[in-house]
Amino acid sequence: MGRKPMTLPLGFVVELDRHTRVVDDGRALLGGFPTRLLRLTPRARRLLVGRMLPVRDAASAFLADRLLDTGMAHPVVDSLPAPPDPRHTVVVPVRDRPRQLDRLLGSIGAGTPVIVVDDASRHPAPVAAAAARHGARLVPLKTNVGPAGARNAGLRLVATPYVVFVDSDIVLDPDTVPTLLRHFADPRVAMAVPRITGLSTAATTWIERYENARSSLDLGAHPASVRPGTPVSWASSACLVARVDALKAGFDEGMRVGEDVDLCWRLIEAGRRVRYEPAVRAAHEHRVRVGDWLLRKAVYGTGAQPLARRHPQYVAPAVLAPWSTAFAAALLAQRRWSVPVAGAVLGVVTVRIARKLDGTRHPYRLATRLAAHGSLGALAQTSALLTRHWWPLTAVGCTASRRVRRAAAVAALADIALEYRRDQATLDPLRYGVARRLDDLAYGAGVWLSALKGRSTTALRPRVVRRDGPVPVSGKRAASAGTTP
């Protein structure tokens with residue numbers, strides 16, 4: 001007897017992603033990561049209600065599942081039911097920081113079991129007092145094992161269906177955990193995470209104001225399926241809710257940083273889903289001193305090589321198609337022929353994409369839009385290589401080449417201008433720009449340190465994938481759900 005397939009329940013509702021386009025009067029959908037064209041049969045078109053798809057039968061469940069898999073749609077969390085057994089245990093790893101621990105425990109609702117794992121604090125008494133004050137179970141560790149080991153020590157004691165991992169410098173909103181638990185109406189969801197934002201306090205330093213606008217932990221304002229190679233490729237363990245039975249051994253205790261990324265990717269490789277839900281938030285106490293902030297950014301970077309050993313197929317500073325590599329290289333050359341060659345590459349790929357869209361009403365119009373988005377993405381990734389991941393090489397190149405200096409200056413200034421407008425930072429452009437460049441320098445330095453320590457360039461090498469445009473959906477199973485090749 002095979003294992004019963006996990007299907008979405010009746011009443012589950014998904015909504016098309018903001019980037020998913022309904023084309024040809026509803027005959028097809030275009031979107032997802034990577035971009036694909038999903039042609040719909042008349043039966044499948046009737047399943048959609050505007051941009052919504054409620055699960056009413058096996059066909060709608062299959063189509064909704066397919067849309068979730070491709071990133072073309074996301075659950076409407078307000079419409080999802082709470083799990084039949086919502087019991088959960090909160091696990092808090094901590095080392096010192098009793099003030100933050102006390103604040104966090106005060107934000108957790110009464111009656112929720114809490115396990116505080118003291119990861120060999122230098123001054124354990126204040127930590128124990130904070131745990132006792134809020135009725136939390138204290139698990140003191142004799143040696144410092146790091147966040148992964150501390151979380152696992154708490155996980156082994158959890159007797160509820162769900163576990164909530166929360167770092168001590170977080171403050172929980174009352175509706176954060178109950179809302180995240182709704183995502184588990186999808187039986188394939190193993191983990192759900194909220195948006196991580198700054199604490200609602202008056203920012204005391206310019207670094208704190210920058211972090212409030214662009215924290216490394218803040219994954220944005222839009223819901224997403226967490227998957228490598230997509231806009232939300234990982235999720236932080238600063239606050240997460242997970243099925244206990246899906247975690248198995250838990251975090252990799254051999255990792256002191258990046259253990260949350262590793263866990264996400266292992267769950268995804270096992271066929272499970274990880275959901276990012278920005279409708280609810282967890283407030284994080286950001287670092288306010290420049291030295292502490294730079295050190296933390298560099299530490300984040302040092303997780304690159306350990307992740308590259310475990311997931312070499314996912315760790316790359318840029319993922320480019322052959323055509324976008326040629327497009328960016330032509331512009332970087334800064335020769336008389338650069339713009340014509342880049343334009344020719346863009347023209348050729350537009351035609352190739354249009355051929356893949358054959359049968360739609362306006363294939364060349366859609367192809368032009370997709371090629372333009374692809375070229376902008378290629379330029380953005382090239383800019384990140386120059387200013388973030390490869391900045392030591394860029395710095396050396398600037399000493400010898402005017403073209404490298406020009407490319408680096410354009411990349412740095414364009415990045416600041418675009419991101420400043422997008423982030424809506426409460427910080428003047430000059431200091432925002434300085435913080436942005438320091439952010440990239442510190443993270444890039446951490447990546448290079450980890451690569452040198454691991455004697456491997458895996459985390460520094462871009463990945464070139466052969467993909468020019470939409471992936472047409474085909475196959476017998478797709479047709480059975482109301483889609484056609």
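Visitor: Which residues are linked with Asp415 in a network of salt bridges?

Guide: Heads-up before we dig in: this is a predicted model, where local features need pLDDT of at least 70, side-chain atom pairs count only at pLDDT 80 or more, and totals for chains, interfaces and linings use all residues. Residues are numbered from 1 along each chain as its sequence is written, and side-chain values use heavy atoms, with hydrogens and water left out. A salt bridge here is a side-chain nitrogen of Lys or Arg within 4 Å of a carboxyl oxygen of Asp or Glu. By that rule, the network ties Asp415 to Glu211, Lys297, Arg388, Arg436, Arg437, Asp439 and Asp440.

Visitor: How many salt bridges does the structure hold?

Guide: One of them pairs Arg422 with Glu419, and another pairs Asp440 with Arg436. The count for the structure is 30.

Visitor: How far apart are the closest N and O atoms of Arg437 and Asp415?

Guide: This pair links distant parts of the chain, with Arg437 in helix 17 (residues 429-454) and Asp415 in helix 16 (residues 402-423), 22 residues apart. Helices are DSSP runs (H or I, at least four residues), numbered from the N terminus. In their salt bridge, the closest N and O atoms are 3.2 Å apart.

Visitor: Is Arg437 buried or exposed?

Guide: Buried means under 20% relative accessible area, exposed over 50%, and partly exposed in between (1.4 Å probe, protein chains only). Its partner Asp415 comes in at 12%, so Asp415 is buried. Arg437 has a relative accessible area of 16%, so Arg437 is buried.

Visitor: Which residue meets Glu419 in a salt bridge, and is that partner buried or exposed?

Guide: Glu419 itself counts as buried because its relative accessibility is 10%. The partner, Arg422, also lies in helix 16, 3 residues apart from Glu419, about one turn of the helix. Their side chains meet at 3.0 Å, N to O. With a relative accessible area of 60%, the partner is exposed: Arg422.

Visitor: What is the N to O distance between Asp440 and Arg436?

Guide: Both sit in helix 17, 4 residues apart, about one turn of the helix. Asp440 counts as buried because its relative accessibility is 2%, and Arg436 counts as buried because its value is 9%. The N to O distance in their salt bridge is 4.0 Å.

Visitor: Which helix holds Val339?

Guide: Val339 has a relative accessible area of 62%, so Val339 is exposed. The helix it lies in spans residues 338-356: helix 13.

Terms used
Helices (H or I, at least four residues) and strands (E, at least two) are DSSP runs, numbered from the N terminus.
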